[in-house]
Amino acid sequence: MIKTSTIPRERGLGYAFIGGLAITFIAALLGALFIYWFTTVQRGPTPAELLPADVQLYASLSPTLSDVPEQPRIERALSEVFGLSMPADAATNVAALLGVKLDSDVITWIGSDIAIVVRDFTPVTRDVATDLITNGEVLVFLASRNDPQAKIFLEKHLAVRRNRGETFSAQQAGEATIYVGEIASPLRAVGLIEHYIVFSNRPEALIDLAAGPDRPNRLAGVPDFQQFRETIAAVRSGAIYTDGSPAAEAARAAVRAWLARVLAP
C-alpha cells in the first residue's frame, strides 16, 4: 500500500483576522492595565490626608477635570481666592524663581491638585509676608502624575539654586529625601513626597508629611474641611478653607502679599 502524504492547507484570511483580533485585545488589555497603574498607583493620598488637623488655611488653586492644570484656571483661582491681579509676565517670573522652563520641565509631570497651606501662623508685624516665613508654616503642594519626570524637575531646580550660591543638606524621611536650603523662604525645603513636590519654609513640616496618611488628627477628618471638599467638587477654579480664626484671615493676607512678590518681583 502506498501512503500518501497530506499537505496542510494554508491558513486563510479567517485565521489572520482572528490572530489580529487577539493581538489587538492583548494590546488593549495591557494599555488598560497601564492606565489603571498610572491613574491609581501613581496617585497617592490627598494633601488633607497627610496634613495635621490644625491647618489654618488651605487654598486649592486648580480643581479641574483634566489631569493637567490650566494656566487660565490657576490665574482665575489666584484672583478669586486671594484677590490678585495677574501681571502679564507672571508665568515668566515663576519660571525664573524655580530656575526651569515651565513648558518642558514642569508640564511633563505636574497634576491638577495644587494647594497652598498655612499652619502655626502668628502675625507680629505689619510685614505679613515676612511673618509668614518667620512666624508660621507654609507648604506648597504640586501633584505629580509622573514621578520620574518630577524627580528630573527637582534635580534641575536644586542645581539652579546651588549655582546661585545656595547650599543644601539632604535628610531621609521614610522613602522621601528632603532637601533643606539655608535661605529662609517658603521654598527653603523641598521633596517628592507621596506623589507631590512639596515646598515649605520648615523642613520638619515635610518630615511629618513623609510619615504618610492613616494617622489620627488629620485635616481630612475635620468636619468643616469635609464640607469644604464637597464644595471643591462643584467648583470654579479655586476655593479656600480656613479654620475661622483671626490668624487665618491674617494668613490669607500674608499669602497674598508673598504671592504678589513672587508673581511680580
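Here are some questions and answers on the salt bridges and the largest pocket of this predicted model.

Q: How many salt bridges does a search of the whole structure find?
A: Let's start with the overall tally, which covers the whole structure. One of the pairs is Arg 119 with Asp 54. The search comes back with ten.

Q: Which parts of the chain does the salt bridge between Arg 119 and Asp 54 tie together, and how many residues apart are they?
A: The closest N and O atoms of this pair are 2.8 Å apart. Arg 119 sits in strand 2 (residues 110-119), while Asp 54 is in the loop between helix 2 (47-50) and strand 1 (55-60). So the bridge ties together parts whose separation in sequence is 65 residues.

Q: Is Arg 119 buried or exposed?
A: The cut-off for buried is under 20% relative accessible area. Arg 119 has 13%, so it counts as buried. Its partner Asp 54, at 45%, is partly exposed, but for Arg 119 the label is buried.

Q: Where do Arg 202 and Asp 120 lie, and how many residues apart are they?
A: These two form a salt bridge, with 2.9 Å between the closest N and O atoms. Arg 202 is in the loop between strand 7 (196-200) and helix 8 (203-209), and Asp 120 is in the loop between strand 2 and helix 6 (128-134). That links distant parts of the chain, 82 residues apart.

Q: What is the separation in sequence of the parts that Arg 261 and Asp 127 tie together?
A: The two side chains meet in a salt bridge at 3.0 Å, N to O. Arg 261 belongs to helix 10 (residues 246-263) and Asp 127 to the loop between strand 2 and helix 6, so the parts they tie together are separated by 134 residues.

Q: Which residues do salt bridges with shared partners join into one network?
A: Two pairs described above feed into this: Arg 119 with Asp 54, and Arg 202 with Asp 120. Glu 137 is in the network too. The full set is Asp 54, Arg 119, Asp 120, Glu 137 and Arg 202.

Q: Which element gives the most residues to the lining of the largest pocket?
A: This pocket holds about 750 Å³ of space, and 29 residues line it. Elements giving two or more of them include helix 3 (71-82), strand 3 (137-144) and helix 10. The top contributor, with five residues, is helix 4.

Q: How many residues of each class are in the lining of the largest pocket?
A: Among the residues closest to the pocket's centre are Ile 74, Val 94 and Leu 142, and Val, Leu and Ile count as nonpolar. Across the lining, the split is 26 nonpolar, one polar and two charged.

Methods:
Residues numbered from 1 in each chain as written. Predicted model: local features only at pLDDT ≥ 70, side-chain atom pairs only at ≥ 80, totals over all residues. Heavy atoms only, no water. Salt bridge = Lys/Arg side-chain N within 4 Å of Asp/Glu carboxyl O. Helix = DSSP H or I, 4+ residues; strand = E, 2+ residues; numbered from the N terminus. Buried < 20%, exposed > 50% of the residue type's maximum accessible area, 1.4 Å probe, protein only. 1 Å grid on protein atoms, 1.4 Å probe; cavity = no way out; pocket = protein on both sides within 12 Å on 5 of 7 lines; lining within 4 Å. Points joined across faces, edges and corners; volume = space filled by probe spheres on them.
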